[in-house]
Amino acid sequence: MPEKEETDAVSESKGVAENFIQSLGLLELILGGVGLYGFWLWYGERAAKLFPSTGTKLIDIGLLAFAAALVGKLICLFVAALMGLIWKSIRAADFLGYQANLERAFLRYHGAPNLQDLSVTLGQANPDLRGLAFYYVVLADPKQQDHLERIKTNAIVAYSICVLSLIYIPYLYRAGAPWSMWVGMVLATIVFLFLGYLEQLDYLRTLSERLIGIQTVKSQIGRRAELNPARWHTLIRQR
C-alpha cells in the first residue's frame, strides 16, 4: 500500500508539472531562464536584495518559473515584431521569388487568374496568403502542421538568440572578456539572424510546394474520375 501511494503521488506530481509547463510554455521557460541568468550577471546581489526569497522552496520555484516565463514571453514578443518586419520586407522586396511562388501556388489552388480576382473570391481586399495557405495545407494533411510549426520554431529560436545576445555581448565587453569571445558572439548573432531569415524563406517554400502538391493530387483524382468506366456507363444509361 505505501508503495502504491508513493507511485500515485509521483505520477500525480508529474502530471501537475506537465500541466504547469504546458500552461507557461516550454520554449518561453527556456528562453526566459537564459534571459534571467543574463540579468543576474548584470545586477548580481542587487537583484537578490530587490527580490528576496520567501523561505519556501516550492513557492520560490514557482515564482522563478513564472519570472522565466514572463521574460520568455517578452523575448518572444520582440521576436514576433522582428519576424513581422522581415515578413513585410520579404513581401515588399522579393529578391529570391519565394513570395511570388507562394502567390502563384495560391492562384493555382483557387484557379484564379490574378490576385484581384482572388480577393473577390475570398471576399477580402488583402488576404493573408501565408495564413490561408497554412490552413489549406493542414486541412489536407494534418501531419504537415508539426513540420511547419517546427520550421517556425527554428526561426523563433534563431531570432531569440539574437535578442539574448543584446544582454550577453555588452556584459562580456564590460566584464573584460577576451575580444575573441565577444567578437565571436557578435559573428554568431549575425549568423543566427541569417539562419532565422532562411527558416522564414523555407516556411514560404514549404507552403508553396505543399499547395502545388495538393492541387496536383486533386487534378489527378478528377481525371481518374472522368476516366472511370462505371461513371461513363451511368451517364450513358441516364441518356
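## A helical fold and its two largest pockets

Take the contacts in this protein with a separation of 6 or more: 78% of them join residues 24 or more positions apart, where contact means heavy atoms within 4.5 Å. Bear in mind that this is a predicted model, so local features need pLDDT of at least 70, side-chain atom pairs count only at pLDDT 80 or more, and totals for chains, interfaces and linings use all residues. Residues are numbered from 1 along each chain as its sequence is written, and side-chain values use heavy atoms, with hydrogens and water left out.

The protein has 10 helices and 0 strands; these are DSSP runs numbered from the N terminus, with helices being H or I of at least four residues and strands E of at least two. Of the 239 residues, 29% are buried, meaning under 20% relative accessible area with a 1.4 Å probe, counting protein chains only. The accessible surface adds up to about 16,300 Å², and carbon and sulfur atoms own 65% of that (Shrake-Rupley method, 1.4 Å probe).

Now for the pockets. A pocket here is an open set of points on a 1 Å grid over the protein atoms alone, with protein on both sides within 12 Å along at least five of seven lines; lining residues have an atom within 4 Å of a point. Its volume is the space filled by probe spheres set on the points, which are joined across faces, edges and corners.

| Pocket | Volume | From H4 | Lining by class |
|---|---|---|---|
| Largest | about 830 Å³ | 9 residues | 20 nonpolar, 2 polar, 2 charged residues |
| Second largest | about 210 Å³ | 4 residues | 3 nonpolar, 3 polar, 4 charged residues |

For the classes, Ala, Val, Leu, Ile, Met, Phe, Trp, Tyr, Cys and Pro are nonpolar, Asp, Glu, Lys and Arg are charged, and the others, Gly among them, are polar.

The largest pocket has 24 lining residues, and Leu36, Ala47, Phe51, Leu64 and Ala67 sit nearest its centre. At least two residues come from each of H2 (26-43), H3 (45-50), H4 (57-92) and H8 (144-174). H4 gives the most.

The second largest pocket also leans on H4, its largest contributor; H4 and H7 (129-140) each supply at least two lining residues. Among the residues lining this pocket are Trp87, Lys88, Arg91, Asp128 and Arg130.

What about disulfides? The whole structure has 0, taking a disulfide as a pair of cysteine sulfur atoms within 2.5 Å. Cys76 is buried at 16% relative accessible area, and Cys162 is buried too, at 9%.

Note on methods:
Buried means under 20% relative accessible area, exposed over 50%, partly exposed in between (1.4 Å probe, protein chains only). On a 1 Å grid over the protein atoms alone, a cavity is a set of points where a 1.4 Å probe fits but cannot get out, and a pocket is an open set with protein on both sides within 12 Å along at least five of seven lines; lining residues have an atom within 4 Å of a point.
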